[in-house]
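Trainee: I should like to look closely at a single part of this model, namely the site of the ligand. Please take me through the surroundings of the ligand in one connected account.

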Amino acid sequence: MFNVVIFGAPGSGKGTQSENLINEYGLYHISTGEVLRDHIARETELGKIAQNYISQGQLIPDDLMVNILEDLLDQNPKETAKGVIFDGFPRTVPQAQALKDMLNKRGSKVHAVVGLEVNDDELVERILKRGRETGRADDNLETVKKRLDVYHSQTLPLRDYYTKEGKYHAIKGTGEVSQIFNTIKEKLDNIKNA
Ligand code: AMP
């Protein structure tokens with residue numbers, strides 16, 4: 001398996017670069033945000049719970065998120081065999097520890113964390129643009145500010161967590177999408193072939 005965590009604030013380009021990574025490496029894409037939005041659209045029990053948190057710009061509780069992840073891995077053994085792009089997970093240190101355990105149980109690990117770094121002003125601009133273009137409900141000014149606060153307080157500590165593990169690779173997340181992807185690819189190819 002080759003497992004990559006694509007890491008960054010909301011609006012940093014995780015979804016866009018995940019698409020490029022799927023095409024390049026044939027990895028299975030798990031976007032927890034997309035999984036939750038699908039539950040909300042289908043009005044499942046989980047969707048109703050998730051909606052409350054997402055509309056407030058808050059994170060879904062760790063134990064719930066970890067169960068969702070574990071189910072996704074269990075239900076897709078063939079698809080995940082080659083490796084996974086984790087997009088939007090982990091978002092807290094306990095989630096990172098749970099991911100380590102989950103992969104360990106399956107004889108694997110996180111190979112690399114790609115951290116897309118973009119300043120807050122540009123993030124806000126990008127998210128509001130996406131909100132106008134796609135109608136995504138949590139892409140509005142009020143929620144964005146909360147999501148960025150949550151990112152700084154709960155998610156950013158993962159940068160240190162993965163740096164200590166020697167897995168964090170900072171990538172400048174501004175400029176041409178293709179140029180950003182080339183930089184990511186260079187790093188990942190080195191890790192893969194090491
Ligand atoms: P995203 O599409 O990754 O920006 O996620 C949208 C929203 O889903 C987030 O603002 C959170 O409310 C929720 N969410 C997605 N992934 C997670 C996660 N790993 N832990 C907690 N909440 C999450």
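How many residues of the shell around the ligand are nonpolar, how many are polar and how many are charged?

Mentor: The model is a predicted one, in which local features need pLDDT of at least 70 and side-chain atom pairs count only at pLDDT 80 or more, while totals for chains, interfaces and linings use all residues. Residues are numbered from 1 along each chain as its sequence is written, and side-chain values use heavy atoms, with hydrogens and water left out.

The shell around the ligand consists of six nonpolar, five polar and four charged residues. In this division Ala, Val, Leu, Ile, Met, Phe, Trp, Tyr, Cys and Pro count as nonpolar, Asp, Glu, Lys and Arg as charged, and the others, Gly among them, as polar. A residue belongs to the shell if one of its heavy atoms lies within 4 Å of the ligand. Of the 15 residues there, Thr32, Arg37, Gln58, Gly88 and Gln95 come nearest. Helix α2 (residues 32-42) contributes the most to this shell, with four residues; helices (H or I, at least four residues) and strands (E, at least two) are DSSP runs numbered from the N terminus.

Polar contacts, that is, pairs of N or O atoms within 3.5 Å, add detail. An oxygen atom of the ligand lies 2.7 Å from a backbone N or O atom of Gln58. Arg91 places a polar side-chain atom 3.0 Å from a nitrogen atom of the ligand, and a side-chain N or O atom of Arg136 is 3.1 Å from an oxygen atom of the ligand. On its own the ligand has 480 Å² of accessible area, of which the protein covers 96%; such areas come from the Shrake-Rupley method with a 1.4 Å probe.

The ligand occupies the space of the largest pocket. A pocket is found on a 1 Å grid over the protein atoms alone, as an open set of points where a 1.4 Å probe fits, with protein on both sides within 12 Å along at least five of seven lines; its lining residues have an atom within 4 Å of a point. A molecule sits in a pocket if more than half of its atoms lie within 2 Å of the grid points. The volume of the largest pocket is about 940 Å³, a volume being the space filled by probe spheres set on the points, which are joined across faces, edges and corners.

Its lining comprises 44 residues, with Pro10, Lys14, Arg91, Arg130 and Arg136 nearest the centre. The elements that give two or more residues to this lining are β1 (4-8), α1 (14-25), α2, α7 (120-134), α8 (141-155) and α10 (177-193). Helix α2 gives the most, with five residues. By class, the lining holds 17 nonpolar, 17 polar and ten charged residues.

Two of the residues already named, Arg37 and Arg136, also help to line the second largest pocket, which holds about 160 Å³ of space. There α3 (45-55) and α2 each supply at least two lining residues, and α3 gives the most, with three.

Key: A polar contact is a pair of N or O atoms within 3.5 Å; within protein, one must be able to donate a hydrogen and the other to accept it, and residues adjacent in sequence count only if both atoms are side-chain atoms.
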